[in-house]
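Welcome! Open the viewer, get comfortable, and let us walk through this model one selection at a time.

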Amino acid sequence: MSELHTAARRAIEPAPGLLEQVASLPFRLADSLLSGGEEFRTLRTRLNHIQGLKGIQTITVSSPAPGEGKSFVAANLALAQAQLKDNLTLLCDFDFRHATLHGGFGIERAPGLTDCLQSQADLHQAMRRIGDTNLYVMPAGSEVVNPLELLTLKKVKETLDQLADIFTWVILDSPPLLSAADGNLLSTLSDGTLLVVRIGATELKSIPLAVQSLCHNNILGVVVNGSRV
């Protein structure tokens, strides 16, 4: 286990209230999410600086197409943030079509976000605390027929606002921007977007198309995945 993941496991008492009702599960992390950690600590520092200037809390992490590592980046950024004392961090799987985060952390997919948005589960039932860390994960939840329709609900914004009152950071793993409209809609509901591209996988022409699809929403930066430098 990397230094990042070891540090994230340090015990920090959660905020009182809703979080006291959240189930705590053992810290398990799939090999597919393991990283060295240093790059994500650097990314964390830059985002925390931006947060101090602009007050951002909710971040959408997306990519132009599937297979470029957006879930890997979202998970490791959340782990890096949770490493800091009193830095309560929530990682949400909004990729309802191809949810993966529950598998990466060894938790059940449901109850989760879709169940909460459809009033089939309470907010505390839809999230899990990872071990005794500052990290909480909200899996995608039960499969739905029309994910885009679910994202248009007023309750999505209300839920994100409520979560921002509880957590220092709320990190949203979004569907790829050029695969469906879900990711573009989600980006309008958050404070900023990180675009993940992968060396050797992302087509160069897809990058400006992805940026244009965000319609000038607050793009915080581009994360280059797969670099060995």
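**Start inside**

This is a predicted model. Begin by selecting L47, V61, L91, F105, L135 and L194: within the largest nonpolar core, which has 32 residues, these touch the most other members. Next, color the elements that each supply at least two residues of this core: the helices α2 (38-54) and α3 (70-82), together with the strands β2 (58-62), β5 (135-138), β6 (169-173), β7 (192-198) and β8 (219-225). Linger on α3, since the largest share of the core, 9 residues, comes from there.

Now zoom in on V61. Which residues does V61 touch, leaving aside those up to four places away in sequence? You should find K70, V73 and A74, then I171, L172, D173 and S174, and finally L194 and V196.

Apart from the largest core lies another one, of 28 residues. To find this second core, select A126, A140, L150 and L160, which are among its members.

**Step back**

Zoom out and switch to a cartoon view: the protein has 9 helices and 8 strands. Along its principal axes, the C-alpha trace spans about 45 × 40 × 35 Å. A compact globule of 229 residues would have a radius of gyration near 17 Å, and the 16 Å of this protein agrees with that.

Try showing contacts between residues at least 6 apart in sequence: 81% of them join residues at least 24 apart.

Finally, turn on the surface. Its accessible area comes to about 10400 Å², with 52% belonging to carbon and sulfur atoms. Of the 229 residues, 54% count as buried. For a last stop, color by charge: the mean positions of the 19 positive and 23 negative charges are 5 Å apart.

Conventions: Residues numbered from 1 in each chain as written. Predicted model: local features only at pLDDT ≥ 70, side-chain atom pairs only at ≥ 80, totals over all residues. Heavy atoms only, no water. Helix = DSSP H or I, 4+ residues; strand = E, 2+ residues; numbered from the N terminus. Rg over C-alpha atoms; globule rule 2.2 N^0.38 Å. Buried < 20%, exposed > 50% of the residue type's maximum accessible area, 1.4 Å probe, protein only. Contact = heavy atoms within 4.5 Å. Areas by Shrake-Rupley, 256 points an atom, 1.4 Å probe, with all protein chains shown as cover. Lys, Arg positive; Asp, Glu negative; His and termini not counted. Charge placed at Lys NZ, Arg CZ, Asp CG, Glu CD. Core = buried A, V, L, I, M, F, W, Y, C linked by side-chain atoms within 4.5 Å.
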